[in-house]
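Q: Please take a close look at one helix in this model and at what surrounds it. I would also like the charged pairs and the ligand site covered.

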Amino acid sequence: MQDVLEGILKIGHGQFLCLSAAVASRGKVPPLHHIVYFRPVSRSRLDSSYTLHNGWTTSSRGQCHAGRASHWGPFPCGDGLCHGFAFATRRTSWRQTELDQSSQPLSPSSILLLLCSSPPPPSASSNSSRPATIEVNGKTYTTDEWYNVPQTVLTLTGRKLHLQKDHPVAITRQIIESKFPTATYKRYNEFDPVVSTMENFDSLGFPPDHVGRARSDTYYINETTLLRTHTSAHEAELFRASASDGYLISADVYRRDEVDRSHYPVFHQMEGARVWDRTKVPNGDVVAAIYADLAKLPTHGVKVEDPNPPHHPERNPLQSEHHTPEEAEAVAAHLKRSLELMVVEIFTRAKQAAARLDPNYVDEPLRVRWIEAYFPFTSPSWEMEVYYQGDWLEVLGCGVSKQELFINADQPQQLGWAFGIGLERIAMLLFQIPDIRLFWSKDERFLSQFTGVQDDLDKLKRFVPFSKYPACWKDVSFWLRSTSAAGGNTAVANVHDFHENDLMEVVRDVAGDVVEDVQLKDQFTHPKTGRMSMCYRINYRSLEKTLTNEEANDFHERVRQGLVEKLGVELR
Ligand code: DAH
């Protein structure tokens, strides 16, 4: 019944045990399937009692996200049973997955239970130190008990790296913009990061219980105001304004996340859309108008794999109430060519940059493919993947915009496509930047390497790493309590609602950019008391200096105290 598929155990129809979230994050799990993440624990504890818990856990953020339906226990795997922790989610986008409340048990012998509940209301005690008001970019906002933005993150709201001359994020933005003519695509690069829950979620059709809304994942200022989690938050207002046939937005976005070399609580996205108005095209023939616009686009010589049908009734449906198949196919064809041209430009520049540094650089042909995807605000939807250093890498999400967006924006006669792309991820590839913290560094050894590139993109070169300072890792072990409050600014973490992102935030708050990554090393449940113990390894490494052992100890001691004060854990 089971077969092992590139590190993924397949257990029956559409369900997988993922032995590591990283495997799923490389796009090997088809979208729209249930993904069951599984973290094995040792077989030696096969007979111990396992605690059922409804805590959140994280997977490799990047493509797959957190779920909170979980269970400890034996699972069928490979040649027998192995024990571990599992949760099931339904993938909705490269950064978001939807908790699927209807999942069937994995197999008759599996004892996966899916416990789903909305997060309890935040407890008043959980953020007693919260300021009554905060200021972001000169505007004042009133906080309430939903407030969960640390000062370190607030400070970053003013940095606007996408607009900082010769910053790699700004260079990447410029390269992308260069493939979308200004006459059609109006630029919006100064939108405020503070938006409403309506703009960020409701206007885009996110269901009320969508996992992305959780306080453990999103920075809230108050119950209805947050730091945008994606640039799509501005889509509805731009459709309503209907100021141009298309637009490009670039902006900073915010997500509570794990700590490692490719995740940072702030990053940048670019969003684009192209619309057509049925009442304005010649003879009212929107299909002909779209194909005429497509014919004006350049072609490219890159091989693109696009094995799926243009839409599929279950996997990737046509909005049949609103679009004819011909209309959706025309929109998709324009969308795909436009985005392929952009990606070809980026990867061609990346290769040129590599060749400038290394004359022996061997140029591998670029491979691009389209895979089916799901977003609440597009249908059909796709992700584009690029073959890079031996792996398929997701680079963007896109689709035919849901017609409800146009209807709600009082533009029912319009239709079109939209896409979103993360800039740091592309910049890391383009320049070979190894650590996302570097983007925030003010170190001249970093910034000076990009001087003059925005004025002459042909000067683009790969980043030459300066010497790495030594790392200093330290472990922290603690017991979780048996009862308490909610995820996201949790006052007292217990087995039911301990969320790793809360721990990540305590660490970031204390040590900021001096933390390179934080990893769970071990966890177990005491067979008699049922209490859970966790051990995390924190890797301290400054980008700017060698840390002395005292400095690392000082950070670590403050992290330990922070965990006690903010999460209520009991240190071991
Ligand atoms: N907002 C999505 C994300 O952050 C990306 C995205 C997907 C944007 C599809 C779009 C779109 O405009 O059509 O994961």
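The answer below starts with helix 9, then turns to salt bridges and the ligand.

A: This is a predicted model, in which local features need pLDDT of at least 70 and side-chain atom pairs count only at pLDDT 80 or more, while totals for chains, interfaces and linings use all residues. Residues are numbered from 1 along each chain as its sequence is written, and side-chain values use heavy atoms, with hydrogens and water left out.

Helices (H or I, at least four residues) and strands (E, at least two) are DSSP runs, numbered from the N terminus. Buried means under 20% relative accessible area, exposed over 50%, and partly exposed in between, with a 1.4 Å probe and protein chains only. Helix 9 spans residues 423-431, and eight of its nine residues are buried, so the rest of the structure largely encloses it. The buried residues are Leu423, Glu424, Ile426, Ala427, Met428, Leu429, Leu430 and Phe431. Their cover includes helix 3 (168-177), helix 7 (325-357), strand 15 (266-277), strand 18 (378-388), strand 19 (391-401) and strand 20 (414-422). After helix 9 comes Gln432, with a positive phi near 60°.

Glu424 is a charged residue (Asp, Glu, Lys and Arg count as charged; Ala, Val, Leu, Ile, Met, Phe, Trp, Tyr, Cys and Pro as nonpolar; the others, Gly among them, as polar). Glu424 lies in helix 9 and counts as buried at 2% relative accessibility. Its side chain makes a polar contact with the side chain of His268 at 2.7 Å. A polar contact is a pair of N or O atoms within 3.5 Å; within protein, one must be able to donate a hydrogen and the other to accept it, and residues adjacent in sequence count only if both atoms are side-chain atoms. Leaving out residues up to four places away in sequence, Glu424 touches Val169, Val266, Phe267, His268, Ile436 and Phe439, where contact means heavy atoms within 4.5 Å.

A salt bridge is a side-chain nitrogen of Lys or Arg within 4 Å of a carboxyl oxygen of Asp or Glu, and by this rule the count is 33. In helix 3, which helps cover helix 9, Arg173 pairs with Glu177, with the closest N and O atoms 3.0 Å apart. The two are four residues apart, about one turn of the helix. Arg173 is buried at 10% relative accessible area, and Glu177 is buried at 10%. Strand 15 also contributes to the cover. There, Arg274 forms a salt bridge with Asp293 at 3.1 Å between the closest N and O atoms. Asp293 lies in helix 6 (residues 286-296) and Arg274 in strand 15, so the pair ties together parts that are 19 residues apart in sequence. Asp293 is buried at 16% and Arg274 at 7%. A further salt bridge joins Arg437 and Asp435 (2.9 Å, N to O), both of them buried. These two belong to a network of salt bridges with Arg261, Glu516, Asp517 and Arg541.

Around the ligand there are 16 residues, of which His230, Ser232, Gln269, Glu271 and Ala418 come nearest; a residue is near if one of its heavy atoms lies within 4 Å. A polar side-chain atom of Ser232 is 2.8 Å from a ligand nitrogen atom. Polar side-chain atoms of Arg255 and Gln269 lie 3.1 Å and 3.0 Å from an oxygen atom of the ligand. Strand 15, strand 19 and strand 20 each give two or more residues to the shell, which divides into five nonpolar, eight polar and three charged residues.
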